[in-house]
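Trainee: I am new to this structure and would like a close look at a single part of it. Could you take me through it slowly?

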Amino acid sequence: LRDRIVEVLLDVARELNGNLDNPIAVDKGSEAPLYGQDGSLDSLGLVSFVAAVEQALDERLELRVTLADERAVSQRHSPFRTIGTLADYAASQVV
Amino acid sequence: VLSSLSTTTSSDLARDVIGGQHELTIPIVDAKGISLGSLQPVTRHHLRDDTLLAQLTRWRNTARLSFFTQFEATKEGTHTWLRDHVLTDGGRLLFLVNAGTHPVGTLGFIRLTGRSAELDNLIRGERIGAATLFLHAERSLVRWLFLTFGLQWIEAAVLAGNFAALQLHHSLGFEVKRRAELRRVVDGDTTVLLPASGNEQGSGDAALYLTLDREVFQSTEQELGI
């Protein structure tokens, strides 16, 4: 499941990259930074990205998860650091 | 690093900055030391800057649903707010966040005491500058507060639905300490979100109260290699 989520996240990143001054480094796969120290997204960009990811996971994998909520900030480390950490978090939210 | 610097125990500094007697600019640099911009305090001098007042008003309106008090701002109202509240309070400073030299938003603090302060007025008005500009702007302000005033912790209050601000704070080590259901009080054109008491019906909104302890911030900086 995690690999399929990574693929969806990378596809969303590719679509979003056309609008970004500093594109998400999708060639790095799971290690591609999203938000934080080396990230390509500012906080508003992260909101758009996560909303697009939630929609894509629903449409393509029929996974209905909420990623942008208070639970995400209860984690010791942000789940939004890289494609891989976000995929891990999304997988953990699947019941 | 944080414990090795001298501290200022009063809010005289804030008053001197507001009055223009003390020039202050806080550089915004990333973890590699690359300059991204600066934090420039709003002072009484800015009350005569019509362009800035218009810009601040536009930003306040764009971001109004992110705040606990929601209303349509006007340039005159922004002038009054600055003159009568922001620039008369020795326990607060409002900064312009500059990308290079271009103002793109605001960030400030309120309720400065000898031990703590609360972040306030976080608005990214323009999507200009580095993606990490506001992350490092907030980091730079937090660091300056800890160093200058010897604070033990810094607080922030955000609406639970304001994921952008929540994530920004969390990235610096802020932790949610408390959650409160809110009720909406409408007074004319102004809506105020207030904590709902035990028997009151909440509006579905909630406030999250976050805290960043000095030691946690220090370890966050070490993780970033700063």
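In which helix is Thr51(B) found? Please start there, and then carry on to the parts around the largest pocket.

Mentor: Happy to! Please keep in mind that this is a predicted model. Thr51(B) is found in helix H2 of chain B, which runs over residues 50-62. Thr51(B) counts as exposed because its relative accessibility is 60%, and the cut-off for that word is over 50%. For a sense of distance, take Gln70(B), which is 19 residues from Thr51(B) along the chain: the two C-alpha atoms are separated by 23 Å.

Now follow chain B onward from that helix. Phe68(B) sits in the loop between H2 and strand S3 (69-70) of chain B. With a relative accessibility of 21%, Phe68(B) counts as partly exposed. Setting aside residues up to four places away in sequence, Phe68(B) touches Ala157(B), Val158(B), Leu159(B), Leu182(B), Thr191(B), Val192(B), Leu193(B) and Ala207(B). Consider the last of these partners: Ala207(B) is 139 residues from Phe68(B) along the chain, yet their C-alpha atoms are separated by 8.7 Å.

Phe68(B) also leads us to the largest pocket, which holds about 1300 Å³ of space. Its lining counts 49 residues, and those closest to the centre are Ser66(B), Phe67(B), Phe68(B), Asp120(B) and Asn121(B). By class, the lining divides into 28 nonpolar, 11 polar and 10 charged residues. Strand S6 of chain B, residues 116-124, supplies the largest share of the lining, with seven residues.

Let us stay with that strand for a moment. Asn121(B) has its place in S6 and is buried, with a relative accessible area of 12%. The phi of Asn121(B) is near 55°, a positive value in a residue other than glycine. Most residues other than glycine have a negative phi. Arg111(B) also has a positive phi near 55°, and again the residue is not a glycine. Arg111(B) lies in the loop between strand S5 (102-110) and S6 of chain B. At 54% relative accessibility, Arg111(B) counts as exposed, whereas Asn121(B) is buried.

From the pocket we can turn to the largest nonpolar core. Of its 92 residues, Phe49(A), Leu57(A), Leu82(B), Leu141(B) and Trp144(B) touch the most other members. Helix H4 of chain B, residues 133-149, gives the most to this core, with 10 residues. H4(B) is mostly covered, as 16 of its 17 residues are buried. From first C-alpha to last, H4(B) reaches 24 Å, close to the 24 Å expected at 1.5 Å a residue. Gly150(B) follows the helix, with a positive phi near 60°. Trp144(B) deserves a look of its own: leaving aside its neighbours within four places in sequence, Trp144(B) is in contact with Leu13(B), Leu24(B), Ile26(B), Leu93(B), Phe95(B), Phe109(B) and Phe149(B).

There is an enclosed space to find as well. The structure holds one cavity of 30 Å³ or more, and the largest cavity has a volume of about 50 Å³. Residues of both chains line this cavity, among them Tyr35(A), Leu41(A), Asp42(A), Arg124(B), Phe134(B) and Leu168(B). The cavity lining has six nonpolar, three polar and two charged residues.

Finally, let us visit chain A. Helix H1 of chain A covers residues 2-17, and its end C-alpha atoms are 22 Å apart, which agrees with the 22 Å that 16 residues should span at 1.5 Å a residue. The buried residues in H1(A) include Ile5(A), Val6(A), Leu9(A), Val12(A), Ala13(A) and Leu16(A). In an α-helix there are 3.6 residues a turn, so residues three or four places apart point the same way. Helix H2 (43-61) and helix H3 (83-92) of chain A are among what covers the buried residues of H1(A). Asn17(A) also has its place in H1 and is buried, at a relative accessible area of 15%. Not counting residues up to four places away in sequence, Asn17(A) touches Pro23(A), Ile24(A) and Val26(A).

Conventions. Residues are numbered from 1 along each chain as its sequence is written. Chains are lettered from A and ligands numbered from 1 in the order in which they are written. This is a predicted model: local features need pLDDT of at least 70, side-chain atom pairs count only at pLDDT 80 or more; totals for chains, interfaces and linings use all residues. Side-chain values use heavy atoms; hydrogens and water are left out. Helices (H or I, at least four residues) and strands (E, at least two) are DSSP runs, numbered from the N terminus. The expected span of a helix is 1.5 Å times one less than its number of residues. Buried means under 20% relative accessible area, exposed over 50%, partly exposed in between (1.4 Å probe, protein chains only). Contact means heavy atoms within 4.5 Å. On a 1 Å grid over the protein atoms alone, a cavity is a set of points where a 1.4 Å probe fits but cannot get out, and a pocket is an open set with protein on both sides within 12 Å along at least five of seven lines; lining residues have an atom within 4 Å of a point. Grid points are joined across faces, edges and corners, and a volume is the space filled by probe spheres set on the points. Ala, Val, Leu, Ile, Met, Phe, Trp, Tyr, Cys and Pro count as nonpolar, Asp, Glu, Lys and Arg as charged, and the others, Gly among them, as polar. A nonpolar core is a set of buried Ala, Val, Leu, Ile, Met, Phe, Trp, Tyr and Cys residues joined through side-chain atoms within 4.5 Å.
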